[in-house]
Amino acid sequence: MSIQSQLDQMVSEASPLIAGCASLVELEDIRLQFLGKKGALTEILKGLATIDAAERPAIGMAANQAKTALSTLLDDKKSELETASLAAEMVKNAIDVTLPGVGTPLGHRHPISQTIDEISQILGRLGFAVEEGPEIESDYYNFEALNIPDDHPARDSHDTFYMMSGHVLRTHTSPVQVHVMEREKPPIRIIVPGRVYRRDADASHSPAFHQIEGLLVDEKVTFAELKGTLDYFLKALFGAKQSVRFRPSYFPFTEPSCEVDVACVLCQAKGCAVCKHTGWLEILGAGMVNRNVFRKVGYDPDQVTGFAFGVGVERIAMLKLGIPSIKLLTDNDLRFLKQF
Ligand code: DAH
């Protein structure tokens with residue numbers, strides 16, 4: 001067979017193969033089979049040696065034409081297959097932008113933070129501004145300046161964490177009263193939410209817990225204002241019908257002092273385990289700021305008077321939300337936390 005017909009045959013053999021090829025891998029195999037170093041074209045051109053030198057240029061040209069023809073077919077097919085595979089890829093990975101998105105579940109405030117926020121809001125309406133103070137205190141601020149000297153029996157009830165440096169983890173938020181009064185002149189009207197520490201742990205006590213301290217100092221502040229403020233506060237917190245009672249008590253930093261009870265919110269004052277069958281729940285301590293405390297901060301106790309109070313946040317949260325154990329508030333169990 002002449003070289004020319006071999007070339008023609010090669011082209012007519014390759015063309016339908018290329019046309020029917022379905023993948024890029026297969027197409028490369030076809031290219032190698034015909035145009036590769038050891039392919040059909042190379043094989044055919046070996047025959048050139050037997051050809052008259054005069055005819056060689058014409059055959060060479062025919063061979064080039066055949067090669068170009070196949071290359072063009074191969075290139076066209078290649079881009080056709082590439083376009084098709086890209087299109088298939090796009091269909092496979094298509095994103096339906098009209099589908100609803102995958103929502104990120106929103107967290108929310110911890111019940112303790114919620115309770116602090118609510119109390120701060122209520123007292124904020126009465127003009128109390130939020131203050132903060134250090135959790136590591138000197139003995140002076142935690143005790144001494146609050147009229148609790150070294151040998152005072154009230155120290156026993158505080159179950160204090162002492163540090164090597166002689167500092168303490170504050171056992172209450174009351175020391176912030178002293179910081180603020182040292183820094184500012186009356187009138188003062190502040191609340192101090194914060195973490196406090198005591199060596200104590202059971203169903204209603206945790207070594208770290210929260211208090212909110214209140215302090216109001218001005219000229220001619222009376223016990224009646226203390227009562228009115230706390231009565232308003234507790235009714236705003238527990239409901240307008242909430243009964244509130246004031247009992248005489250003792251704190252070194254207030255004189256006179258009282259404790260404030262609310263009618264048991266769990267049994268409606270009928271008597272239950274939580275109120276120890278008294279019908280009442282002790283909810284906060286308060287009193288008129290002791291003259292000795294004013295002296296310590298450089299105020300003249302004949303010029304100013306004031307009242308202070310301290311309330312435990314965990315207790316309020318547990319009562320309001322019906323939480324039976326204080327540990328639930330720090331376990332960080334999402335099944336518990338999600339309920340609030
Ligand atoms: N600091 C007291 C305590 O932790 C609570 C307290 C009682 C604070 C009476 C006061 C107050 O400001 O007047 O037990």
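Author: A polar contact is a pair of N or O atoms within 3.5 Å; within protein, one must be able to donate a hydrogen and the other to accept it, and residues adjacent in sequence count only if both atoms are side-chain atoms. The model is predicted, so local features need pLDDT of at least 70 and side-chain atom pairs pLDDT 80 or more, while totals for chains, interfaces and linings use all residues. Numbering starts from 1 along each chain as written, and side-chain values use heavy atoms, without hydrogens or water.

Reader: How many residues surround the ligand?

Author: A residue is near the ligand if one of its heavy atoms lies within 4 Å of it. His172, Ser174, Arg198, Gln211 and Glu213 are the closest. The number of residues around the ligand is 15.

Reader: Which residue places a side-chain N or O atom 2.9 Å from a ligand oxygen?

Author: Take the ligand nitrogen before the oxygen. A ligand nitrogen is 2.9 Å from a side-chain N or O atom of Ser174. For a ligand oxygen, the side chain at 2.9 Å belongs to Arg198.

Reader: Which residue brings a backbone N or O atom 3.3 Å from a ligand oxygen, and what share of the ligand's area does the protein bury?

Author: The backbone atom comes from Phe309. Taken alone, the ligand exposes 350 Å² (Shrake-Rupley method, 1.4 Å probe). Of that area, the protein buries 91%.

Reader: Which elements give two or more residues to that shell?

Author: Strands here are DSSP runs of E with at least two residues, and helices are H or I runs of at least four, numbered from the N terminus. The contributors of two or more residues are strand E5 (208-218), strand E8 (280-289) and strand E9 (305-312).

Reader: Which strands are the edges of the 7-stranded sheet?

Author: The sheet is open, with mixed pairing (strands pair at two or more DSSP bridges). Its order is E1-E4-E5-E9-E8-E7-E6. Pairing on one side only marks the edges, strand E1 (129-130) and strand E6 (244-251).

Reader: How many bridges join E4 to E5, and which E5 residue stands opposite Val196?

Author: Strand E4 covers residues 188-197 and runs antiparallel to E5. The two strands are joined by 10 bridges. Opposite Val196 stands Phe209.

Reader: Which peptide bond is cis with omega near -5°?

Author: Most residues other than glycine have a negative phi, and most peptide bonds are trans. A cis bond with omega about 5° joins Pro186 and Pro187, and Pro187 sits in the loop between helix H7 (175-183) and E4. The omega near -5° lies in strand E7 (residues 254-263), where Pro256 is placed, and belongs to the bond from Glu255 to Pro256.

Reader: What is the phi of Ala269?

Author: Ala269 lies in the loop between E7 and E8. Its phi is positive, in a residue other than glycine. The value is near 70°.

Reader: How far apart are the C-alpha centres of domain 1 and domain 2?

Author: Domain 1 is 3-92 and domain 2 is 113-337, with bounds from an automatic or database assignment. The C-alpha trace of the chain spans about 135 × 45 × 35 Å along its principal axes. The two domain centres lie apart by 93 Å.
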